[in-house]
Amino acid sequence: MHQTPWMTSDILSRLNANAGMLLVRSLWEYCPEHMFIVRVEGPTDFVIEAMNPTRQAMLGNDTVAIGKRIEQLLPPPLCHGVIANLSRCVECGSPIRYEEEGGYIDRNGIYQQGHWQTLLVPITDQEGYISHLFGVSRDMSQLPEQPVGANPDSKEFERRVHERTAELVAANEHLTHLATHDSLTDIYNRRYLLELAEQELRRASRYEQSLCLMMLDIDHFKEINDTEGHLSGDEALRRVARTILATVRECDLVGRYGGDEFIILMPQTTADGAREIAERLRRTLTQASSLTISIGIASLEPTDHFVVDLIHRADNLLLQAKRNGRNRIEYAA
Ligand SMILES: Nc1nc2c(ncn2[C@@H]2O[C@H](COP(=O)(O)OP(=O)(O)OP(=O)(O)O)[C@@H](O)[C@H]2O)c(=O)[nH]1
């Protein structure tokens, strides 16, 4: 996706930080409502930091607007009303909704009379101070005439906003799930598992807690594919994932590392505890199906700085389990 020039790199990097934010990015680019972000520099001091294309189309040259104070951009009295509402939102520290009217100069240099319905949402920084305000304005002058007797502040409008927000939240959750889970087994994908695992490792190291990483691989998995077909192979992978989820604790992290390899990261678990779980897992699978697995278990050592240190040891132990005949568990004594 190309970099829109009317957003500062700071805002862009934050939007890119999470794959789920792609949705927000699309909303920003294609939403017919006016969206903007202002930086709070003082109680009545606000600087335009970003505007979406809809807003930009109204005012014209984006490079002129970005970085400008409200009073530099909008003529009085409109700017006074806008600043008053921005200040009110900072003061309240919570979202506010209001209507505003006023004249402005459009991108063609023509004076226009505007009427907007605006929602302002405060954005706090890491220390909890309101650093920015996010605004969404609906251009009421572009809406079809209300039928006689209709209430402009109707509950219907609110209901539609709620409905759309709920749809966006659901779509965002769905996108986040797709970005973080393996599509075949629905457990964590490798990238997300490693991201979470690094956090766990840092936590365990800081608080000197035990942590174990289990790496497991289905035995002779290639044969299942070759003799029973790829779909049976896929079902075997799903079965292993389901069995792992049913065996481990909720706080354990379960992911597909690749092919027929799985990783389970077990916080606050000693090597003995991990071995017990591994044995239960191995037994459950062999009792319920013809599948057997080999497992390597590594536990956190003071010299480990990254998850890959644990993975490397667990992988070597897994290889050892394969060499020693498969359907077995190996761990560092
Ligand atoms: N059905 C299916 N097969 C896959 C998938 N991803 C990888 N594979 C296959 O998994 C097999 C991995 O086999 P290996 O782990 O190398 O070998 P193995 O047959 O399990 O032998 P050992 O691990 O030594 O017991 C390969 O044949 C891959 O093609 C998948 O998503 N679905």
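**A walk through the sheet, its helices and the ligand site**

Gln268 counts as partly exposed, because 16 C-beta neighbours lie inside 10 Å of this residue, and a residue is called partly exposed when its count falls between the limit of 12 or fewer for exposed and that of 20 or more for buried. The model in which this count was made is a predicted one. Gln268 is found in the loop that leads from strand S8 (261–267) to helix H11 (271–288), and its backbone has a phi near 50°, a positive value in a residue other than glycine.

A second residue can be read in the same manner. Glu208, which is not a glycine either, has a positive phi of about 50°, and Glu208 sits in the loop between helix H8 (190–206) and strand S6. Is Glu208 buried or exposed? Glu208 counts as exposed, because it has 8 C-beta neighbours inside 10 Å, and 12 or fewer is the limit for that class.

From these two loops we can step back to the whole chain. The protein chain contains 12 helices and 10 strands, and of its 333 residues 27% count as buried. When contacts between residues at least 6 apart in sequence are considered, 58% of them join residues that are at least 24 apart.

Five of the strands build an open sheet, in which the order is S7-S8-S6-S9-S10 and the pairing is mixed. Strand S7 (253–258) and strand S10 (329–331) stand at the edges, and since each has a single partner strand, one side of each is left without a neighbour in the sheet. From one strand to the next, the twist averages 20°.

Following the order of the sheet from S7, we meet S8, with which S7 pairs in the antiparallel sense over five bridges; in this pairing Arg256 has Phe262 in S8 as its bridge partner. The two strands form a hairpin with two residues between them, and Gly259 in the turn has a positive phi of about 50°. Strand S8 is largely enclosed by the rest of the structure, because five of its seven residues are buried.

On from S8 comes S6, and these two strands also pair in the antiparallel sense, here over seven bridges. Two of the residue pairs across this border can be named: Leu213 has Leu265 in S8 as its bridge partner, while Met215 stands opposite Ile263 in S8. S6 is joined to strand S9 (residues 293–299) as well, by seven bridges, and S6 and S9 run antiparallel. In S9, the bridge partner of Leu213 is Ala298, and Ile218 stands opposite Ile293.

How many of the eight residues of S6 are buried? Eight of the eight are, and the strand is described as mostly covered. In a regular strand the side chains alternate between the two faces of the sheet. In S6, Leu211, Leu213, Met215 and Asp217 belong to one side and Cys212, Met214, Leu216 and Ile218 to the other, and as all of these are buried, both faces of the strand are covered.

Helices also lie across this sheet. Helix H11 lies across S6, S8, S9 and S10 and runs at about 170° to S9, whereas helix H12 (residues 307–323) lies across S6, S9 and S10, at about 145° to S9.

Two further helices, H9 and H10, meet each other. Their axes come within 6 Å and cross at roughly 140°, and the two helices are therefore oblique to each other. In this contact Phe221, Ile224, Asn225 and Glu228 in H9 meet His230, Ser232, Gly233 and Ala236 in H10, and the residues involved divide into three nonpolar, four polar and one charged.

These two helices and the central part of our walk come together at the ligand. Which elements each supply at least two residues of the shell around the ligand? They are strand S6 (211–218), helix H9 (221–228) and helix H10 (230–247). The ligand is surrounded by 17 residues, of which Asp219, Phe221, Lys222, Gly233 and Gly259 are the closest. Gly259 was met above in the turn of the hairpin between S7 and S8, and Phe221 and Gly233 were met in the contact of H9 with H10. By type, the residues of the shell divide into four nonpolar, five polar and eight charged.

Definitions and conventions
Residues are numbered from 1 along each chain as its sequence is written. This is a predicted model: local features need pLDDT of at least 70, side-chain atom pairs count only at pLDDT 80 or more; totals for chains, interfaces and linings use all residues. Helices (H or I, at least four residues) and strands (E, at least two) are DSSP runs, numbered from the N terminus. Two residues are in contact if their C-beta atoms, placed from the backbone, lie within 7 Å. A residue is near a molecule or strand if its C-beta atom, placed from the backbone, lies within 6 Å of it. Ala, Val, Leu, Ile, Met, Phe, Trp, Tyr, Cys and Pro count as nonpolar, Asp, Glu, Lys and Arg as charged, and the others, Gly among them, as polar. Two strands pair if DSSP finds at least two bridges between them. Axes are lines fitted to C-alpha atoms, for helices over the stretch in contact, and angles run from 0 to 180 degrees between N-to-C directions. Angles under 35 degrees count as roughly parallel, over 145 as roughly antiparallel, 65 to 115 as roughly perpendicular and the rest as oblique.
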